[in-house]
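Biologist: I keep running into words like "buried" and "exposed", and I'd like to know what earns a residue each label. Could you take me through an example?

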Amino acid sequence: HRGNYHMMFNALPYKCVPKHQQGGHAWSKDGVNWSTPRVGAFDTTIKFSDGTHVKCERRERPQMVLSEDGKPLAMVSAVTGCPKALGGVAGYENGGAQHYRGGDDSFTLVQKMFV
């Protein structure tokens with residue numbers, strides 16, 4: 001993007017204490033020398049397409065899915081520490097095959113990017 005390499009990473013604070021802003025971002029012109037990392041590339045709030053959202057404790061291992069021309073399509077991340085009630089999430093309501101128990105359970109989230 002803009003002729004630079006970009007890197008997203010976990011940016012959990014000291015001793016991995018959960019905080020809302022967890023995604024780090026840095027950029028480089030050559031892939032060797034990187035900018036000072038900035039926190040805030042993503043947070044622990046998951047926004048659903050129906051306008052609802054849920055705030056979780058941690059979001060880790062960010063990976064971007066890019067289109068053929070290099071534009072971001074989606075971000076994939078591991079999520080944990082979400083409220084037990086994830087109402088409206090496909091597969092988790094009405095006795096679906098998977099049951100999210102909240103707390104220490106984790107899941108992989110694929111979130112569409114609106115860039």
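What follows is a chat about some labels and the values behind them.

Modeller: Sure, and keep in mind that this is a predicted model. The protein has 0 helices and 8 strands, so to speak a β-β-β-β-β-β-β-β pattern when you read along the sequence.

Biologist: How much of the protein is buried, and how much surface is there?

Modeller: Buried residues account for 31% of the 115 residues. The accessible surface is about 8,100 Å², and 53% of that belongs to carbon and sulfur atoms.

Biologist: Okay, let's try single residues. Why is N4 called buried?

Modeller: N4 has a relative accessible area of 17%, and buried means under 20%, so N4 gets the label. You'll find N4 in the segment before strand 1.

Biologist: What does N4 touch, and what makes its link to K29 a polar contact?

Modeller: Setting aside neighbours within four places in sequence, N4 is in contact with W27, S28 and K29. The side chains of N4 and K29 are joined at 3.3 Å, and the cut-off for a pair of N or O atoms is 3.5 Å, so this pair counts as a polar contact.

Biologist: Y5 comes next. Why is Y5 called partly exposed?

Modeller: Its relative accessible area is 48%. Partly exposed covers the range between under 20% and over 50%, so Y5 falls in that middle class. Y5 lies in strand 1, residues 5-10.

Biologist: What lets Y5 join a nonpolar patch on the surface?

Modeller: A patch residue needs over 30% relative accessible area, and Y5 has 48%, so Y5 passes that test. Y5, M7 and W34 form the patch, with about 300 Å² of accessible area together.

Biologist: Now strand 6. Why does R61 count as exposed?

Modeller: R61 is at 53% relative accessibility and exposed means over 50%, so R61 makes the cut. R61 sits in strand 6, and its phi is near 50°, a positive value in a residue other than glycine.

Biologist: R59 is in strand 6 too, residues 58-66. How do you know that R59 has no salt bridge?

Modeller: The nearest side chain of opposite charge, D43, is 4.8 Å away. A salt bridge has to be within 4 Å, so the pair doesn't qualify, and R59 is buried without one.

Biologist: Which polar partners does R59 have, then?

Modeller: The side chains of R59 and Q111 share a polar contact of 2.4 Å. The backbone oxygen of D43 also lies 3.2 Å from a polar atom of the R59 side chain. Beyond four places in sequence, R59 touches quite a list, including N10, Q22, F42 and A78.

Biologist: A78 caught my ear. What makes A78 buried?

Modeller: The relative accessible area of A78 is 12%, and that is under the 20% limit, so A78 is called buried. A78 is found in strand 7, residues 72-80.

Biologist: How far apart are A78 and R59?

Modeller: They're 19 residues apart along the chain, with 5.6 Å between their C-alpha atoms. Leaving out residues up to four places away, A78 touches R58, R59, E60, R61 and F107.

Biologist: And what share of the contacts links residues 24 or more positions apart?

Modeller: Among contacts with a separation of 6 or more, 40% do.

Conventions. Residues numbered from 1 in each chain as written. Predicted model: local features only at pLDDT ≥ 70, side-chain atom pairs only at ≥ 80, totals over all residues. Heavy atoms only, no water. Patch = residues over 30% accessible without salt bridge, like charges linked within 9 Å, V, L, I, M, F, W, Y side chains within 5 Å. Areas by Shrake-Rupley, 256 points an atom, 1.4 Å probe, with all protein chains shown as cover. Helix = DSSP H or I, 4+ residues; strand = E, 2+ residues; numbered from the N terminus. Buried < 20%, exposed > 50% of the residue type's maximum accessible area, 1.4 Å probe, protein only. Lys, Arg positive; Asp, Glu negative; His and termini not counted. Polar contact = N/O pair within 3.5 Å; in protein donor to acceptor, adjacent residues only side chain to side chain. Contact = heavy atoms within 4.5 Å.
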